[in-house]
Each structure stands twice: as C-alpha cells, then as structure tokens.
Amino acid sequence: ALGIQCDHVWKYYPGATTPALRDVSLNIGPNEFVTFVGASGCGKSTLLRTIAGLEGYSQGRVSVDGRLITAPGPDRAMVFQHYSLYPWLSVLDNIKFCRQLKTHTQGRTSADVEDAAGRADALLRLMGLTHVAKSYPAALSGGMQQRVAIARALMSRPPILLMDEPFGALDAQTREVMHDLIKHVHKLERTTIVFVTHDVDEAIYLGDRVVLMAPRPGRIDSIVNVPLPPD
Ligand code: ADP
Ligand code: ADP
C-alpha cells in the first residue's frame, strides 16, 4: 500500500473565478480507509480526481509516496458511480481485459508476472461473481455490476483504490451488502482506499478517518478519526 500527500493544493476550473480546491492539505497513510464527505459541489470529486491524476491543479503538490502526480498511473485504480463496464464483454473478460489494456498503456506492474487467469478467478470468488463469470453486464443488477467494476479495478493489485460515490446508485439493502464487502476487500487486499460520498453515515461506517469538506467549495472543514469498535 502507498500513502498520498496533498500540500496546499489549489484548483481553478478553466474560466472559474472561485476555486474548486482552496489550499487543501491532507496526508493519507498506507492502508488507510479515508472517506471524503460533504454537500454536493463542495469539491470531493475534484479532490479525488486530482489524486487520480484525471484533473490538473493550479498550485500546490499532490504526490504518492513522494512521487509527484501528473497523470493516472497503475498505482491508482478508480471506481465510478456508473460502472462503465464493456457491455459486449462477459464479466470475466471485463475483469481481465482492462488489465491487458493497462499493461500496454501504463507499463507492466508486479501483478503482470502473476497468472492473470488465477488472479481473475480469485477476484470472482472474493466478489461473489463466480456464478456469473460468463454473463454479460446487462443481465446483472446494479450491485453485481459494481462488484465487477471493483474486481476489474483490483485486477492489477493497485496499492490505491479511489472510489467516487460507488454505491450512490444502489438501493439501501444492496448498499449495506456492498459496505461489508468493501471493508472485507480493504482488509484482505491491504489497499489504501479513498472513498467519496455525500452520506455522512456511510462515511463514518466505512472510514478509519473522515475528511469533512466545508459547504463553501474547496475547503476541508475538519478531519475526524473514527474510533475502532471494541473487540
Ligand atoms: P456530483 O455527483 O459529483 O455532484 P455533478 O452532477 O456536480 O456531480 O457533475 C457531473 C459532471 O459535471 C462532473 O463530471 C463534473 O466534473 C461536471 N461539472 C460539474 N459542475 C460543472 C460546471 N460548473 N461546469 C462544467 N462541468 C461541471
Ligand atoms: P462534489 O464532488 O463535492 O459534488 P465537485 O468536485 O464535483 O463537488 O465540484 C466542486 C466545484 O467545482 C463545484 O462548484 C462544481 O460546480 C465545480 N466543477 C466541478 N467540475 C467542474 C468542471 N468540469 N468544470 C467547471 N467546474 C466544475
């Protein structure tokens, strides 16, 4: 797992007169599960996408283990609210294909020496997808599709998993199941997770630390350590 550092990060979208991020400083330790929570428009998604390397920033520094972030990389996998699976590929091929693509565009990772079929199999089991491996995304519920998207993101053993309202489109019951699943994934895969939500209960249930964003866009209001439950 790798840590993430944000130092005095400012971001203005092109043409904007107010910043989407104003002087954000934040340290996320390796293997932490951190949640960003706040009202719509407060900058959660911008901060996450900046860490992902999907957004540039205007001032400051974003780094992963001291390395400056300027673009997406194989050390950071992203999961979105809308699963963005390939509809014409089976569940198993969705999980395997993206890693092949990443290997071509982003270089080999340590996982590439490992047997891809074995890794995909293990992820199907971890995510409870074995029985639908040959199905196509359209045949699956939203919850199952998101499981596929998470499995796909984990395929290359990324040290960091970035999740943008991943369960926002799911019903309450499915969301509860997904919460326990992602906690299990965090424990087992030892991934650093940064998880964006507007749901305070979700942020507290999942996070070791909760980053509260101020309603005025772009500011961190406070960072709260969530106490561990007694054994
Ligand atoms: P969220 O669910 O994160 O609140 P939004 O509905 O605010 O998402 O935004 C959806 C998409 O529109 C995102 O890709 C975001 O980057 C983009 N977007 C949001 N606000 C603006 C804006 N003022 N101008 C241009 N694009 C925007
Ligand atoms: P959140 O994820 O907390 O809903 P965002 O990070 O999506 O917030 O947005 C933060 C601010 O930046 C909002 O004021 C939003 O309108 C603006 N914004 C987001 N995406 C874009 C974009 N692509 N272009 C211009 N403004 C944007």
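Which polar side chain lies 2.9 Å from the backbone nitrogen of N31? A polar atom of the T192 side chain does. The model is a predicted one. The points below cover that contact, the nonpolar cores, two helices, the surroundings of ligand 2 and the residues with positive phi.

**T192 and N31**
- T192 is part of strand 8.
- T192 has a relative accessibility of 0% and therefore counts as buried.
- The partner of its side chain in the 2.9 Å pair is a main-chain atom, the backbone nitrogen of N31.

**Nonpolar cores**
- The largest nonpolar core has 35 residues, and those touching the most other members are I95, M127, L129, I150, L161, M163 and I182.
- Two or more residues of this core come from each of strand 6 (76-79), helix 2 (91-106), helix 3 (116-126), helix 4 (142-154), strand 7 (160-164), helix 5 (172-189) and strand 8 (192-197).
- Helix 4 gives the largest share of this core, with seven residues.
- M163, one of the residues touching the most other core members, is in contact with L48, V79, I150, I182, I193, V194, F195 and V196, not counting neighbours within four places in sequence.
- A second core, separate from this one, has 25 residues, among them V9, V24, F36 and I51.
- In soluble globular proteins, nonpolar side chains tend to be buried together.

**Helix 1**
- Helix 1 spans residues 44-52, and seven of its nine residues are buried, so the rest of the structure largely encloses this helix.
- The buried residues of helix 1 are K44, T46, L47, L48, T50, I51 and A52.
- Two of these buried residues recur elsewhere: I51 belongs to the second core, and L48 is in contact with M163.
- G53, just after helix 1, has a positive phi of about 85 degrees.

**Helix 3**
- The buried residues in helix 3 include R119, A120, L123, L124 and L126.
- Viewed down the helix axis, the buried residues of helix 3 fall within an arc of 165 degrees, so they line one face of the helix.
- Just after helix 3 comes G128, whose phi is positive at about 65 degrees.

**Ligand 2**
- Around ligand 2 are Y13, A20, A39, S40, G41, C42, G43, K44, S45 and T46.
- K44 and T46, both listed around ligand 2, are also buried residues of helix 1.
- Y13 places a polar side-chain atom 3.3 Å from a nitrogen atom of the ligand.
- G41 has a backbone N or O atom 2.7 Å from an oxygen atom of ligand 2.
- For G43, a backbone N or O atom lies 3.0 Å from an oxygen atom of the ligand.
- Ligand 2 exposes 560 Å² when taken alone, and the protein buries 56% of that.

**Positive phi outside glycine**
- D65 is not a glycine, yet its phi is positive, near 50 degrees.
- The loop between strand 4 (59-64) and strand 5 (67-68) holds D65.
- D65 counts as partly exposed because its relative accessibility is 45%, within the range between 20% and 50%.
- E165 is likewise not a glycine and has a positive phi, about 45 degrees.
- E165 sits in the loop between strand 7 and helix 5.
- The relative accessible area of E165 is 13%, so E165 is buried, the cut-off being under 20%.

Technical notes
Residues numbered from 1 in each chain as written. Chains lettered and ligands numbered in written order. Predicted model: local features only at pLDDT ≥ 70, side-chain atom pairs only at ≥ 80, totals over all residues. Heavy atoms only, no water. Core = buried A, V, L, I, M, F, W, Y, C linked by side-chain atoms within 4.5 Å. Buried < 20%, exposed > 50% of the residue type's maximum accessible area, 1.4 Å probe, protein only. Helix = DSSP H or I, 4+ residues; strand = E, 2+ residues; numbered from the N terminus. Contact = heavy atoms within 4.5 Å. Arc of directions from axis to C-beta. Near = heavy atom within 4 Å. Polar contact = N/O pair within 3.5 Å; in protein donor to acceptor, adjacent residues only side chain to side chain. Areas by Shrake-Rupley, 256 points an atom, 1.4 Å probe, with all protein chains shown as cover.
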